[in-house]
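The exercises below ask for a reading of a protein model from its strands, helices, domains and ligand shell. Each task is followed by a worked solution.

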Amino acid sequence: PLRRNIAEMAGYVPGFQPRDEHRYIKLNTNENPYPPSPKVIEAILAEVGDNLRKYPDAASRAGCEQAARLYGFDPDWVIMANGSDEVLNNLIRAFASEGDEIAYVHPSYSYYSTLAEVQGARVRTFLLDEGWALKDFPARYAGKLFFLANPNAPLGFCYPQEFIEALAGRIDGVLVIDEAYADFARENSLDLVRRLPNVVVTRTFSKSYSLAGMRLGMAIARPEVIAALNKIRDHYNLDRLAQAACVAALADQDYFRQCVTRIRETRDWFSAELRVLGWEVIPSHGNFVFATPPDRDAKRIYDSLFERRILVRYFSDPILSHGLRISIGTREDMEKTLTALAEIG
Ligand code: PMP
């Protein structure tokens, strides 16, 4: 007796995960090529032992307080999550009943559609025009929730803050700004959270803090929204290791800045080199680039890179199938990738 929408849905398919991943240059899931801060490793190791006998802090208070201090909010404006996927899931559960409408941009993060399917929510998608504005956006949008990935994934561009503010003003429901990649961008929308009641920002530790394997994310929003999300989440959603990692990662901002700077520099250099090879590259504000080869045959290049054990992301969706999303690895990873691309031609 499965619910019909569950029986009919395909489910989210993450980027390919080879079993022998150390034999690949893995540039297909936007992981960080550098290890987490040494202080994070120390903090995790300090938790390993007798402490694991005890439940973790249910509300992840130390992490919320650390994030609140860092971004200039009160702690009741923050919730920690088991990856930002968890908080995206809980947002849709909080705001959209079965049959309600939610919206997002296409292309953007494909997990939004999976979440809508599970919830039985109806979906409206908005396409992008040449200048990255949303096509046919109504004067007022009455849906319950609008997911906006900024920077956009998988394309990497950023919407101007004025555009986002205007969008929030035209939405009756909640505007969720998915800032998974915002640490690599020049701007973010935390100020909009302070000023506008219907704006929620979500963040992840998977990219800029090198903690994809730990599963850590958060949301920043008005206390009423955070209180609702706290009712819904698993009561011990972050284990003790994740909570220790969360506090230590946020505390080591020097390491964070160094890491982000290196990735941005490698991204900008790699984008320029790809253009020299004749590729079209969308200026990126994330830790990846979306780039189109000269003959627009991205599948051929994906296959040839795969044979050389270099994994990148190919999307069969016709809107994206001319290009590849390539995560930014170390300078050495990217040099090898460029050499392979020059060979493949
Ligand atoms: N949002 C976007 C736009 C993403 O690309 C990702 C990573 N795939 C996530 C959210 C989820 O990140 P995580 O669950 O690892 O925090």
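The exercises that follow concern a predicted model.

**Exercise 1. Domains**

Task: State how the chain is divided into domains, and determine which helix supplies the largest share of the side of domain 1 that touches domain 2.

Solution.
- Step 1. The domain assignment places residues 4-30 and 254-344 in domain 1, and residues 38-252 in domain 2.
- Step 2. Between the C-alpha centres of the two domains there is a distance of 24 Å.
- Step 3. Contacts link 28 residues of domain 1 with 24 residues of domain 2.
- Step 4. On the domain 1 side, helix H1 (4-8), helix H10 (253-276) and strand S10 each contribute at least two residues. H10 gives the largest share, with seven residues.
- Step 5. Sorted by class, this side of domain 1 comprises 16 nonpolar, seven polar and five charged residues.

**Exercise 2. The strand pairings of S10**

Task: Identify which strands pair with S10, and in what sense they run.

Solution.
- Step 1. Strand S10 spans residues 288-292, and four of its five residues are buried.
- Step 2. Strand S9 (residues 280-281) is antiparallel to S10 and joined to it by two bridges. Within this pair, valine 281 has alanine 291 as its bridge partner.
- Step 3. Six residues lie between S9 and S10, and the two strands form a hairpin.
- Step 4. Strand S13 (residues 324-327) is also antiparallel to S10, with four bridges between them. Here phenylalanine 288 is bridged to serine 327.

**Exercise 3. Two helices and their buried faces**

Task: For helices H6 and H11, list the buried residues and explain why they belong to one face of each helix.

Solution.
- Step 1. In H6 (residues 161-169), the buried residues are Ile164, Leu167 and Ala168. Their arc around the axis is only 100°, so they are on the same side of H6.
- Step 2. The face of H6 turned away from this buried side holds the exposed residues Glu162, Ala166 and Gly169.
- Step 3. The cover over the buried residues of H6 includes strands S5 (145-149), S6 (174-178) and S7 (199-204), together with helix H7 (190-195).
- Step 4. In H11 (residues 298-307), Ala298, Ile301, Tyr302 and Leu305 are buried. These residues line one face because they fall within an arc of 105° when seen down the axis of H11.
- Step 5. The spacing agrees with a general rule: an α-helix has 3.6 residues a turn, so residues three or four places apart point the same way.
- Step 6. Lys299, Asp303 and Glu307 are exposed on the other side of H11. Its buried residues pack against S10, S11 (310-311), S12 (313-314), S13 and helix H12 (331-344).
- Step 7. Arginine 309, which follows H11, has a positive phi near 60°.

**Exercise 4. Strand S2**

Task: Determine which residues of S2 point each way, and whether they are buried or exposed.

Solution.
- Step 1. In a regular strand, side chains alternate between the two faces of the sheet.
- Step 2. In S2 (residues 78-81), Val78 and Met80 point one way, while Ile79 and Ala81 point the other way; all are buried.
- Step 3. S2 pairs with strand S8 (residues 217-220) in the antiparallel sense through four bridges, and isoleucine 79 stands opposite alanine 219.

**Exercise 5. The ligand shell**

Task: Describe which residues are around the ligand, and give their classes.

Solution.
- Step 1. The residues around the ligand include Gly83, Ser84, Asp85, Tyr109, Asp178, Thr204 and Gly217.
- Step 2. By class, the shell contains five nonpolar, five polar and two charged residues.

Technical notes. Residues are numbered from 1 along each chain as its sequence is written. This is a predicted model: local features need pLDDT of at least 70, side-chain atom pairs count only at pLDDT 80 or more; totals for chains, interfaces and linings use all residues. A residue is near a molecule or strand if its C-beta atom, placed from the backbone, lies within 6 Å of it. Ala, Val, Leu, Ile, Met, Phe, Trp, Tyr, Cys and Pro count as nonpolar, Asp, Glu, Lys and Arg as charged, and the others, Gly among them, as polar. A residue is buried if 20 or more other C-beta atoms lie within 10 Å of its own, exposed if 12 or fewer, and partly exposed in between; C-beta atoms are placed from the backbone. Two strands pair if DSSP finds at least two bridges between them. The arc is that of the directions from the helix axis to the C-beta atoms. Two residues are in contact if their C-beta atoms, placed from the backbone, lie within 7 Å. Domain bounds come from an automatic or database domain assignment.
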